[in-house]
Amino acid sequence: MLRSRWTEETGGLQMKKKEEVMARSNHWSSGEVVVLRVCDSSGPMVGSSADVANYFQDDARAIREWFRVLYLNSKNKVILNKLEFLGTVDSSPVYPREIIVTALQCGATCLILAHNHPSGDPEPSYCDKEITKAIVFAAATLQIKVLDHVIVGASKAGDKAPFYSMADQGEIEGYSMAAASYMNVR
């Protein structure tokens with residue numbers, strides 16, 4: 001299954017100490033500097049919202065809301081799968097800035113957002129739509145594309161988890177077009 005090839009947290013990133021980097025650059029100030037670099041960008045390709053929902057099906061029954069981001073390269077291959085935020089039974093704090101920082105650190109060109117609804121109902125809330133819009137706008141300013149936001153509902157043991165895909169519903173495209181027109185007006 002895909003799970004074994006996807007990296008968790010920063011498991012797929014290598015750390016380089018200042019001494020290794022100093023050989024290439026004279027612009028570093030004193031003190032410890034850590035540079036993140038992606039080890040392997042030949043991870044699995046994400047083909048559909050159903051692929052994302054199936055991948056997170058085991059985590060859908062969590063009693064707390066989680067928010068994960070799949071960071072992808074330009075060929076839609078997973079570079080990093082990261083649990084960005086962990087919340088309570090009905091909400092999770094999400095900060096677009098943290099997502100963008102990680103995207104820049106690992107060199108992602110595309111993102112797929114995913115979170116669960118412990119209630120079992122994958123229908124997005126008003127807040128889900130607003131945070132998605134904020135992330136799409138923030139990413140667009142740096143030429144990073146948000147491909148989807150998949151919300152996975154809780155399922156019974158053995159059943160497939162119900163899910164809602166904002167891309168399948170045309171919402172991501174609408175947010176992207178709004179972001180593009182906003183940036184063109186400025």
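This report covers one helix, two salt bridges and a run of paired strands in a predicted model.

**Helix H3**

Helix H3 spans residues 96–106, and its buried residues are Pro-96, Ile-99, Ile-100, Thr-102, Ala-103 and Cys-106. These residues cover an arc of only 160° around the axis, which puts them on the same side of H3. Arg-97 and Leu-104 are exposed on the other side of the helix. Just after H3 comes Gly-107, which takes a positive phi of about 75°.

**Salt bridges**

The structure holds two salt bridges. The table gives the residues and the N to O distance of each.

| Residues | Distance, N to O |
|---|---|
| Lys-129 and Glu-171 | 3.6 Å |
| Glu-130 and Lys-133 | 3.4 Å |

The pair Lys-129 and Glu-171 links distant parts of the chain, with the two positions 42 residues apart in numbering: Lys-129 belongs to helix H4 (residues 126–141) and Glu-171 to helix H5 (residues 171–185). Lys-129 has a relative accessible area of 29% and is therefore partly exposed. Glu-171 counts as buried because its relative accessibility is 13%, and the cut-off for buried is under 20%.

Glu-130 and Lys-133 both lie in helix H4, three residues apart, or about one turn of the helix. An α-helix has 3.6 residues a turn, so residues three or four places apart point the same way. Glu-130 is partly exposed at a relative accessible area of 31%, and Lys-133 is likewise partly exposed, at 29%.

**Strands around S6**

How many of the nine residues of strand S6 are buried? Seven are, so S6 (residues 145–153) is largely enclosed by the rest of the structure. From S5 the chain crosses through H4 to S6, and this β-α-β crossover is right-handed. Helix H4 of this crossover also holds both Glu-130 and Lys-133.

Strand S5 (residues 110–117) pairs with S6 in the parallel sense, over eight bridges. His-117 stands opposite Gly-153 in S6.

Strand S7 (residues 163–165) runs antiparallel to S6, and three bridges join the two strands. Tyr-164 in S7 is the bridge partner of Ile-151. S6 thus has a parallel pairing with S5 and an antiparallel one with S7.

Definitions and conventions: Residues numbered from 1 in each chain as written. Predicted model: local features only at pLDDT ≥ 70, side-chain atom pairs only at ≥ 80, totals over all residues. Heavy atoms only, no water. Buried < 20%, exposed > 50% of the residue type's maximum accessible area, 1.4 Å probe, protein only. Helix = DSSP H or I, 4+ residues; strand = E, 2+ residues; numbered from the N terminus. Arc of directions from axis to C-beta. Salt bridge = Lys/Arg side-chain N within 4 Å of Asp/Glu carboxyl O. Pairing = 2+ DSSP bridges. Right-handed = clockwise from strand over helix to strand, strands pointing away.
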